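Work through these exercises with the structure open beside you. Try each task before you read its solution.

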Amino acid sequence: MKKLLWIWGVVVGHAVSAHPGHEGLVMVGAPAVPAEVSITVEGAVRVIRANGIPNHPTGPFPGRGNPNAIAAQKYEFRVPAEPRAGVKPTPNGMNNFGVAVNGVVFDPAAAEWWRDDRSSGWQYEALGGGRNLGVDGEHAHVQPNGAYHYHGIPEALVAKLTAGQLRMVLVGWAADGFPIYGPLIPSVPDELGSPVKNAVSSYRLKTTERAGGPGGKPDGKFIQDWEYVAGAGDLDECNGRTGVTPEFPSGTYYYVLTEQYPFIPRMWRGTPDASFLRKGPPGGGPDGGKKKKQKQAP
Ligand SMILES: [Zn+2]
């Protein structure tokens, strides 16, 4: 009976999914399946097929703040092999920003709103500390459909890719086809041999009191606490820049994961492929905390 109630709780949680649009089956007691990922270029398209299972240890899921178990997905993402910048940036909204080279998605925005009211316009930043969303040491947690996803730098993946060295590594692919690196970048954008540094974003906390909503001084709990200040850091409003990389020695636009907001970019420089965009009606509701309450409901 207890187990039945638990299953019911997860299903209900899924119905009010934090990140709307995932329509995968809810799996209870996910099998310990190995990570599977293939990245191939087929004609003009880079195709990323993956089961979304991480290739590194994770926190305990279900766990505190996140009641969902990790389950295999059937991802097939398609991005242009030769991406192009658009006229102006496209906000990422509630979509997957991209996918890591291990097949785990970058899904930065949590559907968590001040007073659980999406219309308030005040959205909790997943890593802002305003709500316990049960993220693990990889800044990741799990959707009701079992999709493990990153809200920040995947530390274990980066450590695996760098093999302990201080160097720039390709971490993933954005939905518009541009590569994702980080957090280390060359100090001189067009000199790959220049000393690496931790990339600094150009977002800063606003200095004036919040107008409306929760009020008070901006402290990073909400996405709306941040503003882009051109030239304040190394990166543009899409948390990217142009330069040479190990994979693109003649230069490319690339995104960078940063240790401070936005952690994962929130805007695309180019046009995102539909394979990354959520379908279905926009949902609301919490990523973790409230589902726990629902789980306990009669
Ligand atoms: Zn999340």
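**Exercise 1: Two prolines and their peptide bonds**

P262 sits in the loop between β16 and β17 (267–270). This is a predicted model.

Task: Find the form of the peptide bond from Y261 to P262. Then treat P62 and its partner F61 likewise.

Solution.
- Step 1. Go to the bond from Y261 to P262. Omega is near 10°, and the bond is cis.
- Step 2. Move to F61 and P62. A cis peptide bond joins them, with omega about -5°.
- Step 3. Place P62 in the chain. P62 lies in the loop between β2 and β3.

**Exercise 2: Positive phi outside glycine**

Task: Look at F263 and R115. Is F263 buried or exposed? Is R115 buried or exposed?

Solution.
- Step 1. Locate F263. The loop between β16 and β17 holds F263.
- Step 2. Check the backbone of F263. Phi is positive, about 65°, although F263 is not a glycine.
- Step 3. Count around F263. There are 24 other C-beta atoms within 10 Å. The cut-off for buried is 20 or more, so F263 is buried.
- Step 4. Locate R115. R115 is in the loop between β6 (105–106) and β7 (140–142).
- Step 5. Check the backbone of R115. Phi is near 55°, again a positive value in a residue other than glycine.
- Step 6. Count around R115. Here 10 other C-beta atoms lie within 10 Å. A residue with 12 or fewer is exposed, so R115 is exposed.

**Exercise 3: Build an open sheet**

Task: Put together the open sheet of 3 strands. Why is one side of β1 and of β3 left without a neighbour in the sheet?

Solution.
- Step 1. Set the order. The strands run β1-β2-β3, with antiparallel pairing.
- Step 2. Join β1 to β2. These two strands are antiparallel and share 6 bridges. V37 stands opposite A50 in β2.
- Step 3. Inspect the turn. β1 and β2 form a hairpin with 2 residues between them. G43, in the turn, has a positive phi of about 65°.
- Step 4. Join β2 (residues 45–50) to β3. They pair in the antiparallel sense over 6 bridges. R46 is opposite V79 in β3. I48 has F77 as its bridge partner in β3.
- Step 5. Look at the edges. β1 (37–42) and β3 (75–80) each have a single partner strand, so one side of each has no neighbour in the sheet.
- Step 6. Add the angle. Ignoring direction, neighbouring strands of this sheet are turned by 15° against each other on average.

**Exercise 4: Covered and uncovered faces**

Task: Sort the residues of β2 and β3 by face. Which residues form the covered face of β2? Which form the covered face of β3?

Solution.
- Step 1. Recall the rule. In a regular strand, side chains alternate between the two faces of the sheet.
- Step 2. Sort β2. R46, I48 and A50 make its covered face. V45, V47 and R49 make the uncovered one.
- Step 3. Sort β3. Y75, F77 and V79 are on the covered face. E76, R78 and P80 are on the uncovered face.

**Exercise 5: Into the core**

Task: Explore the largest nonpolar core. How many residues does it have? Which strand gives the most to this core?

Solution.
- Step 1. Take the total. The largest nonpolar core has 59 residues. V99, A100, V171, A174, I180, Y181 and V256 have the most contacts inside it.
- Step 2. Find the strand. β16 (residues 252–256) gives the most to this core, with 4 residues.
- Step 3. Follow I180. Beyond four places in sequence, its contacts include G98, V171, W173, A174 and Y254.
- Step 4. Turn to A174. A174 lies in strand β9 (residues 170–174). It has 29 C-beta neighbours inside 10 Å and counts as buried.
- Step 5. List the contacts of A174. Setting aside neighbours within four places in sequence, A174 touches F97, G98, I180, Y255 and W268.
- Step 6. Compare sequence and space. A174 and D273 are 99 residues apart in sequence. Their C-alpha atoms are 9.2 Å apart.

**Exercise 6: The whole chain**

Task: Take stock of the chain. How many helices and strands are there?

Solution.
- Step 1. Count the elements. The chain has 3 helices and 17 strands.
- Step 2. Gauge burial. Of the 298 residues, 43% are buried.
- Step 3. Consider the contacts between residues at least 6 apart in sequence. Of these, 70% join residues at least 24 apart.

Technical notes:
Residues numbered from 1 in each chain as written. Predicted model: local features only at pLDDT ≥ 70, side-chain atom pairs only at ≥ 80, totals over all residues. Core = buried A, V, L, I, M, F, W, Y, C linked by C-beta atoms within 7 Å. Contact = placed C-beta atoms within 7 Å. Pairing = 2+ DSSP bridges. Axes fitted to C-alpha atoms, helices over the stretch in contact; angles between N-to-C directions.
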